[in-house]
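Let's take a friendly walk through this structure together. Keep the viewer open, and rotate the model as you read.

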Amino acid sequence: MTNSNSTQTRTLKVEILEKNICTISMRDIKPYDRQKFDYTKNKDKIMGIYMRTRSYVRNLKSFHKKLWDLHFDNGNYYLITLTFNDEIQFRYIEQRLRTFRTALKRRYGKFEYVRAIELTKKHSYHIHMIVQFIDFPLDLNKNNIEALWKLGICDIKQAYDLRGGIQYITKYKENSIHYSDDEYLKPFKSAIQKRDKYLTYFPKNANLFAKSDNFGKETIDKETKKIVTTKEKFKNFLDYLKERNKQIFTRIDGHNYLDKDGKQRYCMDKLYIRGSDIEELLKILAS
């Protein structure tokens with residue numbers, strides 16, 4: 001979307017996952033060639049113990065995309081939040097989670113899950129899990145979950161909108177098409193160090209996001225088509241989506257790059273749409 005000629009013809013790749021879910025790939029600009037990293041000036045950051053903010057955001061977006069591209073069968077999904085009464089070192093969290101998952105399976109039977117580890121404003125860890133049970137758990141409640149967890153206060157609620165739950169644990173903004181990196185990071189400001197915004201409080205290489213092998217079912221048969229449009233039509237299409245953001249969920253992934261003059265620009269890579277009849281929307285784009 002960098003050519004000033006608004007009538008430039010563009011070919012967009014569209015993947016329709018369901019009647020009301022699709023992705024539109026629009027990437028046509030390669031990221032700029034990054035300068036070689038100066039290890040002497042950034043030795044403390046490279047050799048430090050903290051995860052870089054860039055890595056954190058990249059892992060988060062990648063995990064969200066992996067979940068978003070799955071097709072979910074109707075099931076017994078629950079959103080569970082686990083907290084710690086006492087401070088705990090990050091390397092012990094996965095061990096505590098394995099113990100909890102074993103206890104949960106013994107009590108309620110086989111299940112699939114996805115989980116994300118977050119930080120509170122006081123920099124203490126807590127965990128969000130979306131759990132899918134094979135059999136409906138009759139006595140699943142807050143007290144029983146806390147008895148199985150044994151480490152702190154828990155919260156549990158049924159996830160009627162599964163994709164909404166995914167947006168929640170990955171903190172994607174639902175009512176905004178355009179966002180800058182700074183706006184994107186607002187929900188995660190507790191994880192980012194005030195003294196050095198390029199670093200988080202998480203340990204380097206921390207496994208913050210994970211899912212079981214069979215959580216969700218990968219969509220095998222995607223309907224793929226190409227739409228020929230222009231830059232002007234696509235801009236009008238985005239404006240239309242923005243006006244209807246209460247009825248249609250949209251999200252854009254993109255990247256920053258440097259143009260030939262050295263100025264930083266933004267390129268949109270992929271547009272995610274959910275919540276309407278996709279075929280009708282695509283007619284607007286192609287008309």
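What follows goes from a pair of helices to aromatic rings and then to one arginine.

Please keep in mind that this is a predicted model. A good place to begin is with two helices, α2 (residues 53-68) and α5 (residues 162-170). Two packed helices are described by the angle between their axes and the distance between the axes. Here α2 and α5 pack at an angle of about 170 degrees, and their axes lie 10 Å apart. Because angles over 145 degrees count as roughly antiparallel, α2 is roughly antiparallel to α5. If you would like to see who makes the contact, pick out L60, F63, H64, L67 and W68 on α2, then R163, I166, Q167 and T170 on α5. By type, the residues of this contact divide into five nonpolar, three polar and one charged.

Next, turn to the aromatic rings. How many aromatic pairs does a search of the whole structure find? There are 13 of them. A pair of aromatic rings is described by the distance of the centres and the angle of the planes. Take Y78 and F133, whose ring centres are 6.0 Å apart with 70 degrees between the planes, an edge-to-face pair. This pair links distant parts of the chain, since Y78 belongs to strand β5 (residues 76-83) and F133 to strand β7 (residues 125-133), 55 residues apart. Are these two residues buried or exposed? Y78 has a relative accessibility of 7%, so Y78 counts as buried; F133, at 2%, counts as buried too.

F133 also pairs with F111, and this time the arrangement is tilted, at 5.8 Å centre to centre and 50 degrees between the planes. Distant parts of the chain are linked here as well: F111 is in strand β6 (residues 111-119), 22 residues from F133 in strand β7. Both F111 and F133 are buried.

Elsewhere, ring pairs join Y56, F63, F90, Y125, F202 and F209 into a cluster. You have met F63 already, as one of the α2 residues that contact α5. For a ring with a charge over it, look at Y168: K171 lies over its face, 4.4 Å from the ring centre.

The last stop is R274, in strand β14 (residues 264-274). The relative accessible area of R274 is 13%, which means that R274 is buried. R274 and N20 are 254 residues apart in sequence, yet 5.4 Å apart in space, C-alpha to C-alpha. Leaving out residues up to four places away in sequence, R274 touches N20, I21, W68, D161, R163, G164, Q167, I248 and F249. Among them, W68, R163 and Q167 bring you back to the contact of α2 with α5.

Notes: Residues numbered from 1 in each chain as written. Predicted model: local features only at pLDDT ≥ 70, side-chain atom pairs only at ≥ 80, totals over all residues. Heavy atoms only, no water. Axes fitted to C-alpha atoms, helices over the stretch in contact; angles between N-to-C directions. Helix = DSSP H or I, 4+ residues; strand = E, 2+ residues; numbered from the N terminus. Parallel < 35°, antiparallel > 145°, perpendicular 65-115°, else oblique. Contact = heavy atoms within 4.5 Å. Nonpolar A, V, L, I, M, F, W, Y, C, P; charged D, E, K, R; others polar. Phe/Tyr/Trp six-rings, centres within 6.5 Å; stacked < 30°, edge-to-face > 60°. Buried < 20%, exposed > 50% of the residue type's maximum accessible area, 1.4 Å probe, protein only. Lys NZ or Arg CZ within 6 Å of the ring centre and 35° of its normal.
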